[in-house]
Structures are given as C-alpha cells and as structure tokens.
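Me: I'd like to go through this fold label by label and hear what earns each one. Here is what I'm looking at.

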Amino acid sequence: MDALLQTEQPKALFQRFEVEPEEAKGILRHQKDPVYGFSYSLNPYRGCSHGCRYCYVRDYPAQVPGQPRGVLHDPAQWGQWIAPKVNAPELLWAQRHKLHGETVFMASATDPYQPIEREYRLSRKCLQVLLACPTTRVVVHTRSPLILQDLELLKAFGDRLSVGFSIPTDDDTVRQVVEPQAPPIPTRWAAVERLSKAGVRVTLGAAPLMHLHDVGAFVRRAKESGARSAWVGGLRLLPHDPFFDLLRQHHWLHILDPGYAEGVRKAMHELFPRKSKQQLRQEGQKQEPEARVRVRPAPRQPGLFDAVG
Ligand code: SF4
C-alpha cells in the first residue's frame, strides 16, 4: 500500500466522531456570481473531519439527522461529525444536463478527500459522472494526499481538470495547532509533486495564509513541487472568533496584518508570474484565484494588532 495514502488522523481525535449518512435533496449548488470562476459547487459530504480551527463553515446552520427540524450541530463540534450524501453520484447523474460548458468546484464546504472517502468513494463516483460530461471543467480542492487514490481518474480528464492543494504554512507544528486533524504538511508537498509529475495541473493555495518561518524557502518549495500556479488567500474570521485568541496565544497575530500577506504574495509572484488574460481564458478561468477570494472583512477585534505594533 502506498505510504502517502495511509495518512490518517490520530485515533484519539475520533473518539466522539459521528458518521451520519443521509439522502441529499440536491447536489449542485449554483454560484451566480461569475467572479468566483465556477458555476456550480459540489459537496459529496456535509461536515468535514479535518475540523480546521479557523474553518468558517462550522458556523453554517447544519441540521442533525434524525432530530426535529431546526435542531442544529453546535459549531464547537465542527470536525466531530460527517454526513456522507450517499445518493450524491445518482443526483449528479440526473442533473448532468446542467453542466454543459460549465465549471464545477469540488468542494466548497468540505474536503472531498478526507479519510471517510476511502470507505464511501463518493468523490470518486462524482468524478466518474463528471468525466462523462465532456464539456465540463472541474476544480478539485483538497488538503489530502488521499486524492492520489484517484490519480488515474484525474489524469483521464486531461486539461479540463485542475487540483487546488491547500498548504497554508511551512511548519507542521503550526499545522498541528490550526488544522489538527488534517494531513501533515510534508505529505501534502509529496502529493503535489506526485500529481504534477503525473501531468495533473496543480494550483497551490497558501490559504488561508498562516505563520511561515521562511517565506523565500516556502515559495521555492512551491515552485519545485511542480505546481503550475500558486496564490495566497486571507483568513476569514467570524464575529468573536475563538481562533483570534488562539492566534494571540501563539504570537501569530501578524498573519492578520495585510502587509504580511502582501509580502508573501509578492514573493510568490516572482516565481509564479501572473497569467495573461489569454492563458486564463484557455484554462477556463476569468481571474486569478486570489482576485476571486472575497474575504469578509474581519470584525474589528480589541487589540487586533497588539502583537505587531
Ligand atoms: S478542510 Fe476545508 S472544509 Fe474541511 S475543515 Fe478544513 S477548511 Fe473547513
């Protein structure tokens, strides 16, 4: 068995983990605003076992299956439950007529290659449906090397598929704090290299940008990984977000300074020059990813820049 595919979250983190399979009513969510660069998002799961501590999706209302309507998951339990949409591939097949010439983003509110995908294979089955839609472009976004289990399928899409890989820090001890249940950083680099070497187009997302020890080395690593493009994304804090206190506790408040992200972005653009309009058109994109990221301004927090002067 491929060592990269064995990446699992530590068992202790799953002691209270609930799997709540469900029949979804719909699977394609229309994105009306063309600025995002895709027309439909597709989430084969509700919830996400990666449980990133900054994840704003935890605040979306999420019904608890089997409970009266309106009984919602507590946002504090984000990362401790997952609802596989067991009929996702069938729903997608029934709606594939909508996808002619469109771009599908998988996934906007979950990681399609979290560990449970090993068992349910819903992302794989959805990709098989999308492969049968010859004019549809696909962007798969993940933090997980488990995506390699579908390498042959990804390759079969050729130019109409790209993978967005999120690597928000160069330090796995930072990752252990901010994304405790997500795969280690070194395994993500290895997965980006493997995908790129196989000819799959990878866009590296330093998003949301966290603390970096060495910006220059990080950007060089991104280039050497074979990623075709890279971008830097900001953090979206919820009102009174406990993640702010976590940043303060670890002396990482500088990541909220727009100048910090701008510095990393500038370094990134030196090795990954911005694409021309023609290149973007050829890739079916309207704008670079970072131009599309709409970050809700973080609510003003007391002492926001205490640590950066
Ligand atoms: S992988 Fe994405 S969806 Fe899942 S918890 Fe992390 S940020 Fe949220």
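Reply: Start with strand 9 in this predicted model. Arg201, Thr203 and Gly205 point one way from strand 9, while Val202, Leu204 and Ala206 point the other way, and all are buried.

Me: What makes strand 9 "mostly covered"?

Reply: The count does: six of its six residues are buried. A residue gets that word if 20 or more other C-beta atoms lie within 10 Å of its own. Both sets of side chains in strand 9 pass, the one with Thr203 and the one with Leu204.

Me: How do you know that strand 8 and strand 9 pair?

Reply: Pairing takes at least two bridges, and strand 8 (residues 161-166) has five to strand 9, so the label holds. The two run parallel. Along this border Gly164 stands opposite Thr203, and Phe165 stands opposite Leu204.

Me: And what makes strand 10 a partner of strand 9?

Reply: Again the bridges: strand 9 and strand 10 have four, in the parallel sense, against the required minimum of two. Ala206, for one, sits opposite Val232 in strand 10. Between these two strands the chain passes through helix 7, and this β-α-β crossover is right-handed.

Me: Why is that crossover called right-handed?

Reply: Look with the strands pointing away from you: the label applies if the path from the first strand over the helix to the second runs clockwise. The path from strand 9 through helix 7 to strand 10 is classed as right-handed, so clockwise is what that view gives.

Me: Which strands make up the sheet around strand 9, and what makes a strand an edge?

Reply: The order is 2-3-6-7-8-9-10, an open sheet of seven strands with mixed pairing. Strand 2 (28-30) and strand 10 are the edges, as each pairs on one side only. On average, neighbouring strands here are turned by 25° against each other, direction ignored.

Me: What about the other sheet: which strands are its edges?

Reply: That open sheet has three strands in the order 1-5-4, with mixed pairing. Its edges are strand 1 (18-19) and strand 4 (45-46), each pairing on one side only. Strand 4 meets strand 5 (residues 81-84) over two bridges in the antiparallel sense. Two is the minimum for pairing, so this pair counts. Tyr45 has Pro84 as its bridge partner.

Me: Why is Thr187 called buried?

Reply: Because it has 20 other C-beta atoms within 10 Å, and the cut-off is 20 or more. Thr187 belongs to helix 6 (residues 185-197). Its C-alpha atom is 9.3 Å from that of Leu5, although 182 residues separate the two along the chain.

Me: What makes His240 and His251 exposed, then?

Reply: The limit for exposed is 12 or fewer neighbours. His240 has 9 inside 10 Å, so it counts as exposed, and His251 has 10, so it does too. His240 is in the loop between strand 10 (229-232) and helix 8 (242-249), and His251 in the loop between helix 8 and helix 9 (258-271).

Me: Why would anyone flag the backbone at those two histidines?

Reply: Most residues other than glycine have a negative phi. For His240, phi is near 55°, and for His251 it is near 60°, both positive values in residues other than glycine.

Me: Where are the cis peptide bonds?

Reply: One runs from Met106 to Ala107, with omega near 15°. Another runs from Ala207 to Pro208, with omega near -10°. Ala107 lies in the loop between strand 6 (103-106) and helix 2 (117-120), and Pro208 in the loop between strand 9 and helix 7 (215-224). Most peptide bonds are trans.

Me: How do you know which residues surround the ligand?

Reply: A residue qualifies if its C-beta atom lies within 6 Å of the molecule. The shell is Cys48, His50, Gly51, Cys52, Cys55, Val57, Ala109, Thr110, Asp111 and Arg143. By class, that gives five nonpolar, three polar and two charged residues. Gly51 falls among the polar ones because Gly is counted there by convention.

Definitions and conventions
Residues numbered from 1 in each chain as written. Predicted model: local features only at pLDDT ≥ 70, side-chain atom pairs only at ≥ 80, totals over all residues. Axes fitted to C-alpha atoms, helices over the stretch in contact; angles between N-to-C directions.
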